[in-house]
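Work through the exercises below with the sequence and the coordinates at hand. Each task is followed by a solution in steps.

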Amino acid sequence: MEHTPTWLVNSFIYLTAAVIAVPLSRALGLGAIIGYLAAGMAIGPWGLRLVSNVDDILHFAEFGVVLMLFLVGLELEPRRLWSLRRPIFGWGSAQVLGCAAALAGVAVALGVAWPTAVVAALGLALSSTAIALQVMQERNLLRTSSGQAGFSILLFQDVAAIPILALLPLLGGLVDGVSGSNPALPSVNRSWEAIKVIGIVGGVILGGRLLLRPALRWIALSKTSEVFTAAALLLVVGIAMLMQWLGLSMALGAFLAGVLLADSEYRRELETDIEPFKGLLLGLFFIAVGMSIDFGVLIAHPGAMAAILLGFVVVKLLVIYVLAGAMKLPFQDRPVFTLLLAQGGEFAFVVFQAAAGARVFSPEVASLLIGAVALSMLLSPLLLLAVDRLLLPRYANCNVPVLEEISEPQDAPIIIAGFGRYGQIVGRMLSAQGIPSTVLDHDAEMIEAARAFGYRVFYGDATRLDLLRTAGAATARILVVAVDDVEQSLAIVDLAREHFPNLALVARARDVTHWNGLRERGVTRVQREVFESSLVSAACVLELMGQTPDEVKVHVGRFRAHNLALLEQMYPHHKDRAKLIAVAKQGREQLEAQMAQERAERQQHTGGAISEGTPARSG
């Protein structure tokens, strides 16, 4: 095999290791990530020594993290990302600074030089985006409050890595005791770099809005799927190269590109095209992390390695658990949230290698820190497994079982997604009429409660295409979207319209904004969840104020008709706030004028005032 190209031999080795290790790891209940890490250790320099160029492979495999962040960005529309700005910069900065301060304080107390302690603490404060997001996606946590909080913190860490790297040359100079000969020059250079970064990022945002969609539309006209796939990969590679040239995070750039395309018509196609590449490259990334664990340092300094590993993980666990309490995350979510952020992160490798190059600390110290981070990434899935099996059942008082997802194909003509207070009423009405339905919900406690009352509810997330197929969406007539979460509701509608055009959609809207989002997607049978009940309450108030039941019925009917008509008038302008407010004010004034005129006419006909208890319209 001396004439076989190296890349071909290495590809064979990686694929073989993954195909053997991952199914074995899953069979043992350890998960895919542990399988990839174990495969890396087996074929790496401290295993069978089948691969030696670990750094090159790690750099290439980091592109898997880049693709993952691009796909995460596709799930976040710019408006939704803007709504997360406070948790990103609030809780994100609290996690990084809190963990870094605690770790640096412990290190300085143990006699470590403060520049070394600060850089080590900042690097160890970062978490593994790859492992955390992979676990959250596998567990369907990204749409939960804890998942959104974890994602916000991880996103801030990607941003924070930039100033951390910028800090290293300054700390390196302090360690060496050398001051620059021209202190003004670094300041000028940093200012120019900042201007360049702002300009390029602004150009990416502007270009993404003006150029990306027309370009994708032009490419899609070729009707050649492989070319569209190539264009999707070209987009991500180009953004990553640009960010790398600027010295920014490639993953952050890819995430930004994903956000810019989140509300485009090509979002689903981009996800479908890139998903296989993301999975393979993420697997390769975890294999490379397994290969990068320096067991030589572990063997030479087992006590120091164990102390660093145990020390930084325990300190981060304490700080993050306190933070989870301050964020008021659900009690049962806190252990998983804490563990996902307590491990070290892949960007720590870059920070510590750069710190050694800047002479903040020695290469031996860098190797110890990198080894501790890699071991924490290895141990994190194992600790999560222990939490799942030992701790979470106690948190739930052993009363909430782990439910299996819907697995048997269903054939009911109606599917109800979400069986909370709204979906239950729909389901009970159908049951009373003898009409069968398939009910999906992903809240285990609610499902057990519903089953106790005799309802047949399946465990499943309706935003997953495979579960919708199993629920019978291909043959059903109607899909009732009754989930609480607005983003999840819109995702279900997008999925149904794209893959099951046969389904008639009936949806619940939490408010007018949600109603507009559903109408944008072509859903016409939409009910606002509190509208009718609010009208009933208003009718009770009018009767108590002295109006007759017949008068109240007329007033409520007229208000209902006017409100629904006004909603239709406002819909074309729902993205233009000024126009929307103007239409709403005009509609309200018309209704008030109309009802004032009717009151005056009734007063003339009766020859006196209307019911004394009826309040007159105030100024």
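**Exercise 1. Confidence**

Which element of the protein has the lowest mean pLDDT, and which the highest?

Solution. The model is predicted, and confidence is read first. Step 1: the lowest mean pLDDT among the elements, 68, belongs to helix H9 (residues 184-220), while S4 has the highest, 93. Step 2: for the protein, the mean pLDDT is 78, with 83% of residues at 70 or more. Step 3: find the weak stretches. Residues 177-187 have pLDDT below 50 and, beyond near neighbours in sequence, make 1 contact in the model. Residues 609-619 also fall below 50; that stretch has 9 contacts beyond near neighbours in sequence.

**Exercise 2. The sheet**

Determine the strand order of the open sheet and identify its edge strands.

Solution. Step 1: the sheet has 6 strands, paired in parallel in the order S3-S2-S1-S4-S5-S6. Step 2: strand S3 (457-459) and strand S6 (525-528) each pair on one side only, and are the edges. Step 3: the average turn between neighbouring strands is 20 degrees, direction ignored. Step 4: take one pair in detail. Strand S4 (residues 478-481) and strand S5 (residues 504-509) run parallel and are joined by 4 bridges; Val481 lies opposite Ala507 in S5. Step 5: add the helix. Helix H22 (residues 512-520) packs on the sheet and touches S5 and S6. The direction of H22 makes about 165 degrees with that of S5.

**Exercise 3. The nonpolar cores**

How many residues has the largest nonpolar core, and which helix gives the largest share of it?

Solution. Step 1: the largest core has 80 residues, and Phe286, Phe337, Phe352 and Phe361 have the most contacts inside it. Step 2: helix H17 (residues 363-395) supplies the largest share, 12 residues. Step 3: another core, of 42 residues, lies apart from the largest one; among its members are Ile43, Leu233, Ala240 and Ala257. Step 4: list the partners of Phe337. Leaving aside neighbours within four places in sequence, the contacts of Phe337 include Ser146, Ala149, Gly150 and Ile153, as well as Ile320, Ala324, Met327 and Leu329.

**Exercise 4. Cysteines**

Count the disulfides, then classify Cys99 and Cys540 as buried, partly exposed or exposed.

Solution. Step 1: the search of the whole structure finds 0 disulfides. Step 2: Cys99 has a relative accessible area of 1% and is therefore buried, the cut-off being under 20%. Step 3: Cys540 has 43% relative accessibility, so Cys540 counts as partly exposed; exposed would require over 50%.

Technical notes. Residues are numbered from 1 along each chain as its sequence is written. This is a predicted model: local features need pLDDT of at least 70, side-chain atom pairs count only at pLDDT 80 or more; totals for chains, interfaces and linings use all residues. Side-chain values use heavy atoms; hydrogens and water are left out. A nonpolar core is a set of buried Ala, Val, Leu, Ile, Met, Phe, Trp, Tyr and Cys residues joined through side-chain atoms within 4.5 Å. Buried means under 20% relative accessible area, exposed over 50%, partly exposed in between (1.4 Å probe, protein chains only). Helices (H or I, at least four residues) and strands (E, at least two) are DSSP runs, numbered from the N terminus. Contact means heavy atoms within 4.5 Å. A disulfide is a pair of cysteine sulfur atoms within 2.5 Å. Two strands pair if DSSP finds at least two bridges between them. Axes are lines fitted to C-alpha atoms, for helices over the stretch in contact, and angles run from 0 to 180 degrees between N-to-C directions. pLDDT is the predictor's confidence in each residue, from 0 to 100.
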